[in-house]
Amino acid sequence: RDVAMVELEKLSYLSSDVAQLIKITDDVRSAVEESGVRNGLVAVMSAHTTCGIIVNEGLPCVERDLQDMLERMVPLDASYAHARFLPSYGATGNNSQGHLKQTLVGNSCMFPVVDGHAVMGAAQDVYLAEFDGPQRRKVYVEVMGE
């Protein structure tokens, strides 16, 4: 009889630009393979509100189209309430665009785990989507199953 397991891997990334897509597919696959879980699920979650997790085809032209689309949807120069003085911070929040972009893309994804491997489509890659960099970012990869 198989034993239920939950393994949590904490990944860390240092972004180098304000807006950046960092491909983390290999790290997610490695976390699954090293977890000891044979069959179950893997969840990938950003620990932040101004960066997200995206699953899409890992091509530079797709990456550029995603970034261009998000820039058109959430322009830097729009009038955001969060860009005003925030008494709770004692300062002006300048990352409104990052919060809104993250809301559009989401902060997590999930894949099945079969025979000790994450099951992804042939063209699927996982990205940490930075919208308020450069910063050090945490991503949690939780593998659950037996």
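## A buried charged pair

Let's start with R137 and E130, whose side chains meet in a salt bridge, 2.8 Å from N to O. This is a predicted model, so every value here is computed from it. Where do these two residues sit, buried or exposed? R137 counts as buried, at 2% relative accessibility, and E130 is buried too, with a relative accessible area of 1%. E130 belongs to strand β9, which covers residues 124-130.

R137 also turns up in the surroundings of L11. Setting aside neighbours within four places in sequence, L11 is in contact with D27, R137, K138, V139 and V141. L11 itself lies in strand β1, residues 5-14, and is buried at 12% relative accessible area. Its C-alpha atom is 12 Å from that of R29, a residue 18 places away along the chain.

## The other salt bridges

How many salt bridges does the structure hold? There are three, and the remaining two both involve helix α2. As a general point, side chains of opposite charge can pair when their charged atoms come close.

K101 and E71 make one of these pairs, their side chains meeting at 2.8 Å, N to O. This pair ties together distant parts of the chain: K101 sits in helix α3 (residues 96-105) and E71 in helix α2, with their positions 30 residues apart. The two ends of the bridge have their own settings: K101 counts as buried at 4% relative accessibility, whereas E71 is partly exposed at 35%.

R64 and D68 make another, with the closest N and O atoms 3.0 Å apart. Here both partners lie in helix α2, four residues apart, or about one turn of the helix. R64 is exposed, with a relative accessible area of 52%, while D68 comes out as partly exposed at 26%.

## The three-stranded sheet

Now for a sheet that β9 helps to build. Three strands, in the order β2-β9-β4, form an open sheet with antiparallel pairing. β2 (20-23) and β4 (51-57) stand at the edges with a single partner strand each, so one side of each has no neighbour in the sheet. On average, neighbouring strands here are turned by 35 degrees against each other, ignoring direction.

In general, strands of a sheet pair through backbone hydrogen bonds, either parallel or antiparallel. What joins β4 to β9? Seven bridges do, with the two strands running antiparallel. One example is V55, whose bridge partner in β9 is V126.

Helix α2 (residues 60-73) packs on this sheet, touching β2, β4 and β9. The direction of the helix makes about 140 degrees with that of β2. Q67 is a handy residue to look at on this helix. It is partly exposed, with a relative accessible area of 27%, and it touches A19, Q20 and L21, not counting residues up to four places away in sequence. The C-alpha atoms of Q67 and Q20 are 8.2 Å apart, although 47 residues separate them along the chain.

## A buried aspartate with no salt bridge

D125 is worth a look as well; it is found in strand β9. Which side chain of opposite charge is nearest to D125? K23 is, at 4.0 Å, yet D125 is buried and has no salt bridge.

The side chain of D125 does reach the backbone nitrogen of G58, at 3.4 Å. Leaving out residues up to four places away in sequence, D125 touches K23, T25, I54, V55, N56 and G58. So V55 appears twice in this account, as a contact of D125 and as the bridge partner of V126.

## The whole chain

Stepping back, the secondary structure comes to three helices and 10 strands. From the N terminus on, the elements run β-β-α-β-β-α-β-β-α-β-β-β-β. The C-alpha trace spans about 60 × 35 × 20 Å along its principal axes.

Of the 146 residues, 38% count as buried. Among contacts with a separation of 6 or more, 83% come from residues 24 or more positions apart. The K101 and E71 pair, 30 residues apart, is one link between distant parts of the chain.

Methods
Residues numbered from 1 in each chain as written. Predicted model: local features only at pLDDT ≥ 70, side-chain atom pairs only at ≥ 80, totals over all residues. Heavy atoms only, no water. Axes fitted to C-alpha atoms, helices over the stretch in contact; angles between N-to-C directions. Contact = heavy atoms within 4.5 Å. Buried < 20%, exposed > 50% of the residue type's maximum accessible area, 1.4 Å probe, protein only. Lys, Arg positive; Asp, Glu negative; His and termini not counted. Polar contact = N/O pair within 3.5 Å; in protein donor to acceptor, adjacent residues only side chain to side chain.
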